[in-house]
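Reader: I should like to learn how to read the features of a protein model in an orderly way. May we take them one by one, with the general idea before the case?

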Amino acid sequence: MSSPTGPASGLPVRMPRPRQPGRHRRPEPLVAPEGAPALVLAVPGAPSAATRSLAEEVVSIARSELPGLDARIGFVDGDDAEFPTLRAVLTRAAEERTARFEQAVAAGLEVKEPDGPVAVVVPLLAGPDSALLRQIRQSVMDSRVAADLTDVLGPHPLLAEALHVRLSEAGLARADRARLFTVATAADGIILASVGGEEAVQAAGITGMLLAARLAVPVMAAALDQEGSISSVAEQLRGSGSQQLALAPYLVGPEIDPALSAAAAEEAGCATAEPLGAYPAIGKLALAKYTTALGIAPQPQGTPVR
């Protein structure tokens with residue numbers, strides 16, 4: 001028989017394992033707070049089945065990172081039939097929150113009337129685009145719903161990682177500089193293509209510096225939506241000694257016609273990688289914008305530069 005101070009008769013007793021103190025302690029899993037606002041992903045560009053699939057994958061990543069998250073998709077240029085507009089998604093979220101409260105009151109439960117934002121709207125944009133952000137802001141205002149609008153996803157080290165991966169998938173960069181294998185088609189100069197004018201180019205340049213550190217090659221940002229910007233940057237890179245150029249779209253994908261990126265690459269005489277798409281970092285950054293807006297979690301940390 002055991003006593004409170006230990007085992008009797010020398011018999012072993014399994015004692016509870018103490019929690020590990022300090023910075024190495026395993027963090028408690030984060031879950032969405034009860035009654036938390038919805039995360040509404042604002043998807044720009046012309047809606048399509050491919051765009052919807054991409055957006056669904058992004059919100060799926062966000063849900064996997066934060067169990068219990070209410071994540072929805074609103075299309076900036078939707079039709080409210082196959083592709084629900086951002087305005088309609090926000091209106092429905094507000095109606096559902098009101099209905100839940102009224103049902104709880106009718107059931108005799110003591111519940112507090114909901115307050116605070118109904119949703120946190122996260123633009124599916126890697127960098128700033130004043131025209132698209134104006135559309136998103138107008139949709140939020142037209143909904144007459146209390147909703148917070150976050151900044152765009154970048155710049156961020158995780159986007160530099162995503163660009164690196166897309167370039168390596170296209171055979172335009174080494175997957176890992178720490179491994180001494182060569183890629184015959186690896187570029188020795190990268191054009192980081194953004195949309196949104198000069199502000200977007202400057203923001204892309206910050207991520208470009210992080211990408212340059214990863215690849216150890218020059219990276220310069222240029223605007224896809226400014227005539228001659230891509231070819232001008234290509235000339236600058238060639239003038240500084242780069243011969244094999246690659247275009248890396250600093251875009252999630254839906255915000256621009258893919259043909260524009262391909263045409264710019266052809267004009268500049270360089271190969272091109274795929275847009276960022278539903279790379280896991282996109283879902284994590286969308287969630288980080290949401291949790292930071294609510295003050296429930298820190299921003300995700302970027303991976304170390306190799």
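Reader: In which loop is Pro 155 found?

Author: Pro 155 is found in the loop between β4 and α4. Helices (H or I, at least four residues) and strands (E, at least two) are DSSP runs, numbered from the N terminus. A cis peptide bond, with omega about 0 degrees, joins Gly 154 and Pro 155.

Reader: On what basis should such statements be taken?

Author: This is a predicted model, in which local features need pLDDT of at least 70 and side-chain atom pairs count only at pLDDT 80 or more, while totals for chains, interfaces and linings use all residues. Residues are numbered from 1 along each chain as its sequence is written, and side-chain values use heavy atoms, with hydrogens and water left out.

Reader: What is the mean pLDDT of the protein?

Author: pLDDT is the predictor's confidence in each residue, from 0 to 100. Its mean for the protein is 86, and 84% of the residues reach 70 or more. Over residues 1-17 the pLDDT is below 50, and this stretch has five contacts in the model beyond near neighbours in sequence. Contact means heavy atoms within 4.5 Å.

Reader: How many helices and strands does the protein have?

Author: The protein has eight helices and eight strands. Of contacts between residues at least 6 apart in sequence, 74% join residues at least 24 apart.

Reader: How is a sheet read, and what is the order of the strands in the one that holds β1?

Author: Strands of a sheet pair through backbone hydrogen bonds, either parallel or antiparallel. Here, two strands pair if DSSP finds at least two bridges between them. One open sheet of four strands has the order β2-β1-β3-β4, and its pairing is parallel. The edges are β2 (71-75) and β4 (147-149); each has a single partner strand, so one side of each is left without a neighbour in the sheet. Neighbouring strands of this sheet are turned by 25 degrees against each other on average, direction ignored.

Reader: Which residue of β2 is the bridge partner of Val 40, and which helices pack on this sheet?

Author: Strand β1 (residues 38-43) pairs with β2 over five bridges in the parallel sense, and Arg 72 in β2 is the bridge partner of Val 40. Helix α1 (residues 49-65) packs on the sheet and touches β1 and β2, with its direction at about 155 degrees to that of β2. Helix α8 (residues 280-294) also packs on the sheet, touching β1 and β3 (119-123); its direction makes about 140 degrees with that of β3. Axes are lines fitted to C-alpha atoms, for helices over the stretch in contact, and angles run from 0 to 180 degrees between N-to-C directions.

Reader: In what order do the strands of the sheet with β5 stand?

Author: Four strands form this open sheet in the order β6-β5-β7-β8, with parallel pairing. At its edges stand β6 (219-223) and β8 (271-272), each with a single partner strand, so one side of each has no neighbour in the sheet. Five bridges join β5 (residues 189-194) to β6, and Leu 192 stands opposite Ala 221 in β6. Helix α4 (residues 157-169) packs on the sheet, touching β5 and β7 (245-249), and makes about 130 degrees with the direction of β7. Helix α6 (residues 229-239) lies across β5, β6 and β7, running at about 160 degrees to β6.

Reader: Which residues of α6 are buried, and what covers them?

Author: An α-helix has 3.6 residues a turn, so residues three or four places apart point the same way. Buried means under 20% relative accessible area, exposed over 50%, partly exposed in between (1.4 Å probe, protein chains only). In α6 the buried residues are Ser 229, Ile 230, Ser 231, Val 233, Ala 234 and Leu 237. Their cover includes β5, β6, β7 and α7 (258-268).

Reader: How is an aromatic pair read, and how many does the structure hold?

Author: A pair of aromatic rings is described by the distance of the centres and the angle of the planes. Rings of Phe, Tyr and Trp (its six-membered ring) pair if their centres lie within 6.5 Å; planes under 30 degrees apart count as stacked, over 60 as edge-to-face and the rest as tilted. The structure holds one aromatic pair. The ring centres of Phe 75 and Phe 83 are 5.2 Å apart and the planes stand at 80 degrees, so the pair is edge-to-face. Phe 75 counts as buried at 2% relative accessibility, and Phe 83 counts as buried at 8%.
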